[in-house]
Structures are given as C-alpha cells and as structure tokens.
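Student: I should like to go through the assignments in this model and hear the reasoning behind each of them.

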Amino acid sequence: MTTTSPVTIDPYDHRFHWDPYPYYRAAREHDPVYYYAPGGFWLLTKWDDVQRAFRDHKTFINSGAVALERDANEKLPYPLFIGSDPPEHTRQRAVLAPLLMPASLAPLESFIRARTRALLTPHLPRGQLDLVADLACYLPMDVLALLLSIPAEDRDRVRSWADDLMAREDRQTDLAERNVGGYMNLAQYFEAHTARLAGQPGAHGLVAAMLAAQEQGQMSHAEVVGNLILLAIAGNETTTKLIGNMAYRLWEHPEQRRWLIEDPALLPKAIEETLRFDGSSQILVRRVGQEVTLRGKLLKKGDRVGLCVVSANRDADKFENAELFDIRRGSREHLAFGYGVHACIGAALARLETRVVFEELLRLLPEYEIEAAGLRRAHNPNVRGFTHVPVRFAPVSA
C-alpha cells in the first residue's frame, strides 16, 4: 500500500493519546477511510461508515478480529465471543446477556455504592486522592470479581495481568512479550479457576452460567476461559478509564459539574455525553469479510479495520456542536458501546458503576480540583484514558 494521505493518525504514538481529536477531525474532512501503513490496517473515522460497519456484520466481520496487531490471532489463542460471528456469537451471548441486563444488575447497586464509599473513606480526611489509582482501577475489578467468583486475594494479580496485556510502548505496533505474558497469565489463572469451581457450590454469577453452559454443551472449555479473559479486561479497563475521563471533563467544565451537584438526576445524561465526547473505547476491530469499496477505497477480504468510535462520536455531520461537551445533550446515538448484534454486552454495568461513583464523588467532594501536572495516560490503541487523576478537595470527616 503506497497511498499517501494529507493527514496522520498514529494510534500507537503516545503523544497522540493525549489529544487525538484534531487528527481525527482532519481525517474525517480529508481522508475518512485512512490506511495506517505501519500496522497494515484501515481506520474508519466517520459516523456513517463506523455505524455501517457495526450494522453490516457480514461485510465487516468479527471472526479473527482479536486485536489490531497483525500477530494477535497466533499469540492470543483462546477464543473470545466478541471475536466470533453468528451463530457462534449468538450461542455464547445468550449465556451471558441475561445476567448483564439492567434488571439483573440492579441488586449490585448497594454493593457498588458500599465499595465506592469504602475506597474513598481512607482519603477523605487528607483532602487528596487519585481518582483512578485509588478508586476507579479497583471498583470495576471488585464488581467483576463478584460476578466471576474471583477471591479478594487474587484481584490485584488479575488486574495487573490485564494491565500487562493492554500496555503498549511508544509506536509499538506488534504484541510484545509483556502483552502475551499478561494474556497467558490470565489464561493459566482462569484454567485453574474453572477447574477449582467446576461442580462446586462456590461458583455464582457469570462464571457459574458459563460452567453450566459448558456442562450442557453450549460452550466449549476454551470458550469459557477465553470469555473470562475478555471479561477481566473489557469489564475492567473501559469502565476504569470512563470514570477518569468523566472526572476530567467535569473538572474542565465546572458549571456543568454544578448542574449535577444541584440535580443528580442529570447524571445519566452526563454519562452519555462523556461516552460520546471522550469515551474510553477508542478503536474497535473488524476484518473485511467480503471485498468492499468505501469512499473510493478498496478494502480487500481479510483486511483488518479499526472502527474509530471516538472520532465517529464527534462527527459534525451527525451531532450538532459535536466538539462541545454538554451534559444536557444526553444523546444515546453515540457508538461508544458499538451497535447491532455486537453491541457491548457490559454497557448497563458500565453505566451503573459510573453513575454510582459520581453520585458519591459529587456528594462527598463536590469541589475537587485536579492536579494537572500529575495526570498520566494509559497507552493502548483501543482504550483511551488516564492511569492517574490526582485531586485535592476540602478534607471530609470520615
């Protein structure tokens, strides 16, 4: 591929992760079907194109689309249900989806609230904490641990391995030893975890449902382990980063934070606007299942394609004042959770966790101030957000 482009998008450049939006805007205007030569894949940046790819799951398939990296299929061997298409995808999703619907998750709210308070309480008298390193990186894993029957003493290890899998060095376009090691450590853990729980009364939630499905022939053992790896990563990383991104945007827009303090009923709209304006899922992966021409570019069967949802969600052809953050907008037409048959199965859980966290944050430390010099970003082409969001606030009696 020798095509030159008037714009540059590099999802592996650490500098790009700080503010990719001007680059995405240029791509939408000048080269919306962009070829990233170092990685050998396409990037779609317009809302219409990204939504079409989600909708047309026969042309843009999930099978074999484990990650953007060209060597992912060989190095990450366990099957993930998001890396499959109907009917395999439908069969596996049917096991998990009922347990992740809003009504099924509602009983978790009291646990999420109690855990949020427990994580915040030690820091309240000091008037400072890190909203990611002290709170957001723990809460989603604690909730997943409940759903996956992971013992409390194992949670830090599982989270650390997930971090190893996700981390990328500057301009690293292939999987590194650390990434593969994190994946295989997760695989070995969940192999032992499922062996320990099989036929035992200690399993509950999602892991119990998958073990039952395996016993009934609805899931293979490899699929169970693969989906546990997937849940440990996707259910942890994206919500952790969403919480950090929302805290940052509300700090940037203090008048909108005041609206939420005065009327917490606006929180669901604020979450949707954060998902649209600065969502944590940056790029989702597909492969071309049948040759297609898109905006004059020929995408061949087998090509890898990145769906740039954070770009699509700021497309001025879809959203009025797309570059403005406005929590009153509350539109659910964003693509942060995908669309169609492959829409994110954990969307309701992410929304629930984020709502509860901000109900407690804005009640306990409504005037928090971010120490901008201490902000640190995660570096991954697919997930965008902070690893550190240090804040100061008026001390609160615990």
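The discussion below takes up the sheet, two helices and the cysteines in turn.

Tutor: Please keep in mind that this is a predicted model.

Student: What makes strand 2 and strand 8 a pair?

Tutor: Two strands pair if at least two bridges are found between them. Strand 2 (residues 41-44) and strand 8 (residues 304-308) share four bridges, in the parallel sense, so the criterion of at least two is met. Leucine 44, for instance, has leucine 307 of strand 8 as its bridge partner.

Student: How do you know that strand 5 pairs with strand 8, and in which sense?

Tutor: Five bridges join strand 5 to strand 8, and the two run antiparallel. Within strand 8, glycine 306 stands opposite valine 285.

Student: Why is the sheet called open, and its pairing mixed?

Tutor: The five strands follow the order 1-2-8-5-3. Strand 1 (33-36) and strand 3 (60-61) are the edge strands, and each pairs on one side only. As to the word mixed, strand 2 and strand 8 are parallel, whereas strand 5 and strand 8 are antiparallel.

Student: What makes strand 8 mostly covered?

Tutor: Five of its five residues are buried; the term requires a relative accessible area under 20%. Arg304, Gly306 and Cys308 point one way from strand 8, while Val305 and Leu307 point the other way. In a regular strand the side chains alternate between the two faces of the sheet.

Student: Which helix lies across strand 8, and at what angle?

Tutor: Helix 3 (residues 47-55) runs at about 120° to strand 8. Helix 3 also lies across strand 1, strand 2, strand 3 and strand 5 (283-288).

Student: Why is helix 17 described as largely enclosed by the rest of the structure?

Tutor: Of the 18 residues of helix 17, 14 are buried, so the description follows. Helix 17 (residues 347-364) spans 26 Å from its first C-alpha to its last, close to the 26 Å expected at 1.5 Å a residue.

Student: How do you know how many disulfides there are?

Tutor: A disulfide needs two cysteine sulfur atoms within 2.5 Å, and by this rule the count is zero. For cysteine 137, the closest cysteine sulfur is that of cysteine 344, 20 Å away, which is too far for a bond. For cysteine 308, the closest is again in cysteine 344, at 18 Å, also too far.

Student: Why are cysteine 137 and cysteine 308 called buried?

Tutor: The cut-off is under 20% relative accessible area. Cysteine 137 has 17% and is therefore buried; cysteine 308 has 0% and is likewise buried.

Terms used:
Residues are numbered from 1 along each chain as its sequence is written. This is a predicted model: local features need pLDDT of at least 70, side-chain atom pairs count only at pLDDT 80 or more; totals for chains, interfaces and linings use all residues. Side-chain values use heavy atoms; hydrogens and water are left out. Contact means heavy atoms within 4.5 Å. Axes are lines fitted to C-alpha atoms, for helices over the stretch in contact, and angles run from 0 to 180 degrees between N-to-C directions. Buried means under 20% relative accessible area, exposed over 50%, partly exposed in between (1.4 Å probe, protein chains only). The expected span of a helix is 1.5 Å times one less than its number of residues.
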